[in-house]
Amino acid sequence: MGAAATKPKYSKPNILDTSSKSINETVNGSHEYVIKGYSLAKGMGVGKFIKSSAFTVGGYEWGIYFYPHGHSLAQKDFVSVFIVLLLCPSTDVRALFELKLLDQSGKGRHNVDSHFDSPLETGPFTLKSRGSIWGFPQSFKRSSLENSDFLKDDCLVIQCTVGVVGTRVEGGKHCAIPVPPSDMIQSLKSLLESGTGSDVTFQVGDKKFKAHKLVVATRSLVFKAQFFGLVGNPDMKTVVIEDFDPIVFKAMLLFLYTDELPEAHELFDSDPRCTSTTVVQHLLAAADRFDLARLKLMCEAKLCEEITTDTGNNADLSRTTPLHATQNSVMQSEGFAYLEESCPSLLLELLETVAVVDNRLSSVIFNWKRNGNKSNTSTGLSGIPSKIVLAVCFGTLCCLAVRVIKR
């Protein structure tokens, strides 16, 4: 037998998170119509009426028409009472009605004809145009009316209630609970600053920084290898960081815990030798050393923002400097030497980038690599054309600033 056919699987439809509601309701209004001197209205004839003043309900004008001798010959022995639509827009009007002839004896035995009592059976009445009526042609037999408690002191009281039907739509109402913003970054920063639960101490110069191995190892592959790698030591309690400024290391730790560049006030107070620019420059070297790609990009972006017009002007003026003077001043500068010593990979990357501009630089790169990334004027750098030297030097030390690391 063949394999049983598998039933197709249908994905569950998405559950909508919106809703709406149509609400059908009435706008109600009442009007009391008093007919004083009823006997004087007799004799008007069939089809003749007296009327109330106009009243408004639901944006429409209405009136009450009272026929003492009936609406037509078929009702000549009755009084007829109607509610009349006097003014309306072009749309149909749907409404509920009630007519009440008041018992003036105080017994409360009113004569009530109401459409409100049975709306589910017949639904609202629809009036399609001006002059449309609703009511009772044989509302009350005239002889009975004239001998009832409804007529007192030759006066009749008629109460009318109109309920105009309308529909409105409401959107879904959602319970909105305010949720505060995340404070995880501040919590991690507090964890670092308090040292709670710390399991490693970094000795940087004369400063000690308490930290958490899991946090720093999660953020840096270098620390991960140091603490949890094949040759790492997870029980290490103290780590000595050589050739590192304590302020810069503190800045790097803050980044590891918050994923943000620290503010200047978090690192130093009033030391005039320390500026945010110099810290970021050294932080760039730290990012390269501890394999922090995001920090490196953030430092580069920060340094690019701080390049001033004066920096660019200085670079332009340098083009007028004699070749040997430009080369000697740059190659012997403290900044270039520091860059070459601390971040040779960055310098190599620059040289390889510029090599596409001038092929003669390729031999310099080859000799530089062969000598173990140790360069001096005798390895061939002094033979680079001035435009290449300027591109490397000022691209590194001035214009781009992202590869500059000064002391």
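Reader: In which hand does α4 pass α7 in this model?

Author: Two packed helices are described by the angle between their axes and the distance between the axes. In this predicted model, with local features needing pLDDT of at least 70, side-chain atom pairs pLDDT 80 or more, and totals for chains, interfaces and linings using all residues, α4 passes α7 in a right-handed crossing (the near helix is turned clockwise from the far one by less than a right angle; anticlockwise would be left-handed). Residues are numbered from 1 along each chain as its sequence is written, and side-chain values use heavy atoms, without hydrogens and water.

Reader: At what angle do α4 and α7 pack?

Author: Helix α4 (residues 184–194) and α7 pack at about 140 degrees, with their axes 8 Å apart. The two are therefore oblique to each other (under 35 degrees is roughly parallel, over 145 roughly antiparallel, 65 to 115 roughly perpendicular, the rest oblique). Contact, meaning heavy atoms within 4.5 Å, is made by Ile185, Leu188, Lys189 and Leu192 of α4 with Leu253, Leu254, Tyr257 and Thr258 of α7.

Reader: Which residues touch the most other members of the largest nonpolar core?

Author: A nonpolar core is a set of buried Ala, Val, Leu, Ile, Met, Phe, Trp, Tyr and Cys residues joined through side-chain atoms within 4.5 Å, where buried means under 20% relative accessible area (1.4 Å probe, protein chains only). Of its 36 residues, these are Phe202, Phe223, Phe249, Met252 and Leu253, while α7 gives the most, with 10 residues.

Reader: Is Cys299 buried or exposed?

Author: Cys299 is buried, at a relative accessible area of 0%.

Conventions. Buried means under 20% relative accessible area, exposed over 50%, partly exposed in between (1.4 Å probe, protein chains only). Helices (H or I, at least four residues) and strands (E, at least two) are DSSP runs, numbered from the N terminus. Axes are lines fitted to C-alpha atoms, for helices over the stretch in contact, and angles run from 0 to 180 degrees between N-to-C directions.
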